[in-house]
Amino acid sequence: MASAADPPPGPDTGADFLQLVRRKERGKLKVYVGSAAGVGKTYRMLTEAQDMRRRGVDVVIGFIETHGRAETEALVGDLEIIPRRRIEYRGATLEEMDVEAVIARHPTVVLVDELAHTNVPGSRNRKRWEDVMEILTAGINAICAVNVQHLESLNDVIRETLGVTVRETVPDWVLAQADQVVNIDLSAEDLRQRLAEGKIYGRERVPAALENFFTPENLTTLRELALREVASSVDRTREEIVRREEGRPAPPRSADRIMVAMSSDPPRTATLLRRASRIAGRLNTDWYCVYVQTPAERADRIDAAVQRRLVDNIQKAQSMGAMVVKLEDADAARALRAFAREQGVALVILGSTRRSRWHRLLHGSVVDELLHDPGGLDVLVVDSEREDTEGTLA
């Protein structure tokens, strides 16, 4: 039985998704987004799955984490569960979703919880969202859940407003590709009450949780972020449905593209990439991560540690949906301006320089050059002096 604080299942969201499921081709993706643990994402997924099962849909559980919550465990009922894959790691046996088994079973719909989860080393994919992408490619529909603080582009916002660094993230483009995004909303007061009643964590963890993360201020901030994210997704979906029903062709993507200018060893690349990803998502436009290799930064001259960080940052940009471009030019600012003109880039995002004024006077600075001669570009300079807690991605 669900408690009074459990969010009731929406009467129409399951039916809408069922219509998408019945369309063939690549699998359809539905994502439940919540503001925090305990709002009822898993509960809602299971409720929808039971409803689908009663309608005759072949639905299975790929990975569900009930966290010992009695109401949630009761909803699992007789739903088929794909056995988890057991992996030995550092003397312990850990369990992950068995992607191969899900694909071999090939249900119509699979439930996958905790989309931002990092898989145990030795797994088929590094992240669970990558597992889901593979499942969708196999033509299987997926219903997933994630908390809003795990969106990659919000990482800096969460750290600065809540004082929490979230290590496990999902690229924003994953949410953007979803066919349905549903917000599971619960007031801060109701969520704190559920926590106090031991319905989210064990009672020994409740006092610390109420005092630290689950404060009214934090929960209200997260709730606002979740509502905003889902509202943006719903707007995009509504526009696409109207366009399709009216038989109008897809509108061309905006030519006002975004570009991150990345140096070989920038202090805050992750911050720059998140800022660009977020702006591009709001504008529904493409974005680039551009690295200009000068003669001084050729592979045979650049430090090995710097080279490794550069490769890490390029992979980070690709995972976030950027088109990564490498240019070669002795004049980085000139190369960036030329690329922007060719690709319709309207905004370039850079990190502020850490070099001394004397060094900039002698050798110049890409930031200074673009600020004084933007060549038609809008220039956004992000402060690089603030502490970045992301290690090698800084």
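**A walk through the strands, helices and rings**

Let us start with two strands lying side by side: strand 6 and strand 7 run parallel and are joined by 4 bridges. One place to see this pairing is at Val109, which stands opposite Asn141 in strand 7. To get from strand 6 to strand 7, the chain passes through helix 5, and this β-α-β crossover is right-handed. Keep in mind as you look that this is a predicted model.

Strand 7 covers residues 141-147, and it has a second partner to visit. Strand 1 (residues 29-34) pairs with strand 7 in the parallel sense, this time over 6 bridges. Here Gly34 stands opposite Asn147 in strand 7. In general, strands of a sheet pair through backbone hydrogen bonds, either parallel or antiparallel.

How many of the residues of strand 7 are buried? The count is 7 of its 7 residues. Asn141, Ile143, Ala145 and Asn147 point one way from the strand, while Ala142, Cys144 and Val146 point the other way, and all are buried. Both faces of strand 7 are therefore covered, because a residue counts as buried when its relative accessible area is under 20%.

Now step back along the chain to helix 5, which spans residues 128-137. This helix is mostly covered too, with 7 of its 10 residues buried. Those buried residues are Arg128, Trp129, Asp131, Val132, Met133, Ile135 and Leu136. Just after the helix, Gly139 takes a positive phi of about 90°.

Two of the buried residues in helix 5 are worth a visit, beginning with Trp129. Its relative accessible area is 8%. The ring of Trp129 pairs with that of Trp173: the centres are 5.4 Å apart and the planes stand at 90°, so the pair is edge-to-face. Trp129 lies in helix 5 and Trp173 in helix 7 (residues 172-176), so this pair ties together parts that are 44 residues apart in sequence. Is Trp173 buried or partly exposed? Trp173 is partly exposed, because its relative accessible area of 25% falls between the cut-offs of 20% and 50%.

The other one is Arg128, which lies over the face of Phe63, at 3.8 Å from the ring centre. Arg84 lies over the face of Phe63 as well, at 3.8 Å from the ring centre. Arg128 also turns up among the neighbours of His117, a residue in the loop between strand 6 (109-112) and helix 5. Leaving aside residues up to four places away in sequence, His117 touches Glu96, Lys127, Arg128 and Glu168. His117 has a relative accessible area of 19%, so it counts as buried, the cut-off being under 20%.

The tryptophan pair has company, since a search of the whole structure finds 4 aromatic pairs. One of them is formed by Phe213 and Phe214, again edge-to-face, with 5.5 Å from centre to centre and 70° between the planes. Phe214 is buried, with a relative accessible area of 2%. Ring pairs also bring in Tyr201, linking Tyr201, Phe213 and Phe214 into a cluster.

Next, travel further along the chain to an open sheet of 5 strands. The strands come in the order 11-10-9-12-13, with parallel pairing. Strand 11 (323-328) and strand 13 (378-382) stand at the edges with a single partner strand each, so one side of each is left without a neighbour in the sheet. From one strand to the next, the twist averages 25°. Within this sheet, strand 9 (residues 257-262) runs parallel to strand 12 (residues 345-351), and 4 bridges join them. Look for Met259, which stands opposite Val348 in strand 12.

Helices pack on this sheet. Helix 11 (residues 269-283) touches strand 9, strand 10 (287-293), strand 12 and strand 13, and its direction makes about 175° with that of strand 9. Helix 13 (residues 332-343) touches strand 9, strand 10, strand 11 and strand 12, and its direction makes about 150° with that of strand 10.

Finally, zoom out to the whole chain. Its secondary structure comes to 15 helices and 13 strands. Of its 394 residues, 49% count as buried. Among contacts between residues at least 6 apart in sequence, 76% join residues at least 24 apart.

How values were computed:
Residues are numbered from 1 along each chain as its sequence is written. This is a predicted model: local features need pLDDT of at least 70, side-chain atom pairs count only at pLDDT 80 or more; totals for chains, interfaces and linings use all residues. Side-chain values use heavy atoms; hydrogens and water are left out. Two strands pair if DSSP finds at least two bridges between them. Axes are lines fitted to C-alpha atoms, for helices over the stretch in contact, and angles run from 0 to 180 degrees between N-to-C directions. Contact means heavy atoms within 4.5 Å. Buried means under 20% relative accessible area, exposed over 50%, partly exposed in between (1.4 Å probe, protein chains only). Rings of Phe, Tyr and Trp (its six-membered ring) pair if their centres lie within 6.5 Å; planes under 30 degrees apart count as stacked, over 60 as edge-to-face and the rest as tilted. A charge sits over a ring if NZ of Lys or CZ of Arg is within 6 Å of the ring centre and within 35 degrees of the ring normal. A crossover is right-handed if, with the strands pointing away from the viewer, the path from the first strand over the helix to the second runs clockwise.
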